Amino acid sequence: MDRVYPGSLTLEIEMFIDEAKIRIKAGDGGNGCMAFRREKFVPRGGPSGGDGGHGGDILMSASLSHNTLIHFRFNPEYKAERGGHGLGSNCSGQTGEPLTLKVPVGTLLYDDATGEQIHDFIRPGDTIVIARGGRGGRGNQHFATSTHQAPREHELGRPGEERAYRLELRLLADAGLVGYPNVGKSTLISRLSAARPKIANYAFTTLEPNLGVVQVGEFPHTESFTVADLPGLIEGAHLGAGLGIQFLRHIERTSVIVHLVDVSDGPADARPDPVADFKVITAELKSFDPALADKPTILVAAKADVANPDKLKKLTAFAKRRKLPFYAISAVTGEGIEPLKYAIAALVAEHRTVEPDAGFTEPVPAVKLKPHYPPPAPNSRGRSR
């Protein structure tokens with residue numbers, strides 16, 4: 001969000017929040033009413049206490065309009081509307097309005113107390129009830145029997161459910177760019193897509209994941225896939241070195257890994273062996289999740305326009321021995337970008353786990369809410385008047 005103040009000062013406030021904890025309270029049910037109807041020309045008045053309304057439920061829905069959990073980080077508590085109390089003349093109380101919380105697609109919902117995974121929001125419009133509103137209490141009309149014609153019994157509304165949840169966002173990307181800091185991941189994603197991440201000639205320029213949509217083919221026969229630029233890893237990241245592994249959860253959902261290795265001779269070349277670079281980062285991925293080592297991988301020699309011939313030759317031979325798809329590119333000059341783009345698209349199409357939804361319309365959630373008026377309890381022996 002951009003805010004402009006007098007004096008031509010512009011502040012850019014951008015925060016990527018992928019974890020949050022929330023506390024929610026569904027609405028309490030309304031109390032049942034105790035009332036008696038005794039009016040002229042109404043000879044069979046009797047008890048006429050209405051039922052209390054249901055408390056509002058709290059729902060959670062996946063939305064394409066959100067891409068971060070920042071709105072939960074600073075507003076962690078939510079409460080739904082309570083049900084109205086019952087009234088005389090058999091009038092039921094109003095049902096509390098349900099409250100819907102929007103989360104980005106790819107959010108995981110956990111019970112904060114037990115750590116149990118409640119739901120995985122992998123598709124737009126996916127909606128569940130995360131806290132049930134309390135049932136409204138019955139009015140005294142439900143307690144009337146042939147031998148108890150003037151009941152004074154009525155029920156209080158039941159409290160709504162109260163829960164504490166932990167939210168964890170994992171970006172849904174088809175391909176993930178990994179590698180040491182400053183190998184050209186941000187520059188590559190800016191060439192592949194319309195994403196414009198921060199690019200600078202120093203390590204750890206990227207401090208949060210960036211997403212981009214890549215299109216291949218000619219209209220109308222075009223295909224698209226999403227690519228994620230993940231912050232740079234270094235040796236010992238699984239022990240907390242550098243940025244640690246706090247962003248590696250976002251690569252668990254990717255279908256393809258694009259591993260960039262710098263083959264240039266920089267002014268202060270501290271990593272002379274590109275094969276060792278590949279093995280170190282692969283070991284860090286495996287230490288985080290062994291399944292990441294088995295994902296389809298494309299090996300990319302970055303900065304080919306200023307490549308060291310020995311490094312490039314050594315990495316090419318290594319890729320051939322490992323039978324890895326190999327591409328030498330230069331994100332600055334554009335060399336090798338198009339072949340790499342089509343190679344990623346082909347591998348994504350082959351290994352994509354979740355098919356993308358057609359269009360960007362969010363379906364109407366098929367969630368069964370509570371009825372507007374609470375029915376009598378199954379064991380009620382009385383009759384309504």
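Here are some worked exercises on the predicted model above.

The model is predicted, so local features need pLDDT of at least 70 and side-chain atom pairs count only at pLDDT 80 or more, while totals for chains, interfaces and linings use all residues. Residues are numbered from 1 along each chain as its sequence is written, and side-chain values use heavy atoms, with hydrogens and water left out.

**Exercise 1: a sheet of three strands**

Task: Find the strand order of the open sheet that contains strands 8, 6 and 11, and say which strands stand at its edges.

Solution:
- Start with the terms: strands (E, at least two residues) and helices (H or I, at least four) are DSSP runs, numbered from the N terminus. Two strands pair if DSSP finds at least two bridges between them.
- The order is 8-6-11, and the pairing is mixed.
- Strand 8 (99-104) and strand 11 (127-131) are the edge strands, each pairing on one side only.
- From one strand to the next, the twist averages 30 degrees. Axes here are lines fitted to C-alpha atoms, for helices over the stretch in contact, and angles run from 0 to 180 degrees between N-to-C directions.
- Four bridges link strand 6 (residues 58-63) with strand 11 in the antiparallel sense. Met60 stands opposite Ile128 of strand 11.

**Exercise 2: a sheet of five strands**

Task: Work out why one side of strand 7 and one side of strand 10 are left without a neighbour in the sheet.

Solution:
- The open sheet has five strands in the order 7-3-12-9-10, with mixed pairing.
- Strand 7 (77-79) and strand 10 (117-121) are at the edges and have a single partner strand each, so one side of each has no neighbour in the sheet.
- The twist in this sheet averages 25 degrees from one strand to the next.
- Strand 3 (residues 19-25) pairs with strand 12 (residues 162-169) in the antiparallel sense over seven bridges. Ala20 has Leu167 in strand 12 as its bridge partner.

**Exercise 3: an enclosed strand**

Task: Decide how many of the seven residues of strand 16 are buried, and name the strands that pair with strand 16 in the parallel sense.

Solution:
- Buried means under 20% relative accessible area, exposed over 50%, and partly exposed in between (1.4 Å probe, protein chains only).
- Seven of the seven residues of strand 16 (residues 256-262) are buried, so the strand is largely enclosed by the rest of the structure.
- In a regular strand the side chains alternate between the two faces of the sheet.
- Both faces of strand 16 are covered: one side has Val256, Val258, Leu260 and Asp262, and the other has Ile257, His259 and Val261.
- Strand 13 (residues 175-178) runs parallel to strand 16 and is joined to it by four bridges. Ala175 stands opposite Val256.
- Strand 17 (residues 297-302) pairs with strand 16 in the parallel sense over six bridges. Asp262 stands opposite Ala302.

**Exercise 4: cysteines**

Task: Explain why Cys33 and Cys91 do not form a bond.

Solution:
- A disulfide is a pair of cysteine sulfur atoms within 2.5 Å.
- The closest cysteine sulfur to that of Cys33 is in Cys91, 9.2 Å away, which is too far for a bond.
- The structure holds zero disulfides.
- As for their surroundings, Cys33 is buried at a relative accessible area of 15%, while Cys91 counts as partly exposed at 36%.

**Exercise 5: rings**

Task: Classify the two aromatic pairs of the structure.

Solution:
- Rings of Phe, Tyr and Trp (its six-membered ring) pair if their centres lie within 6.5 Å; planes under 30 degrees apart count as stacked, over 60 as edge-to-face and the rest as tilted.
- There are two aromatic pairs. Phe72 and Tyr78 have ring centres 5.8 Å apart and planes at 75 degrees, so this pair is edge-to-face.
- Phe72 is buried at 1% relative accessibility, and Tyr78 is buried at 18%.
- Phe278 and Phe318 have ring centres 5.4 Å apart and planes at 65 degrees, so they too are edge-to-face.
- Phe278 lies in helix 3 (residues 274-288) and Phe318 in helix 4 (residues 309-322), so the pair ties together parts that are 40 residues apart in sequence. Both Phe278 and Phe318 are buried.
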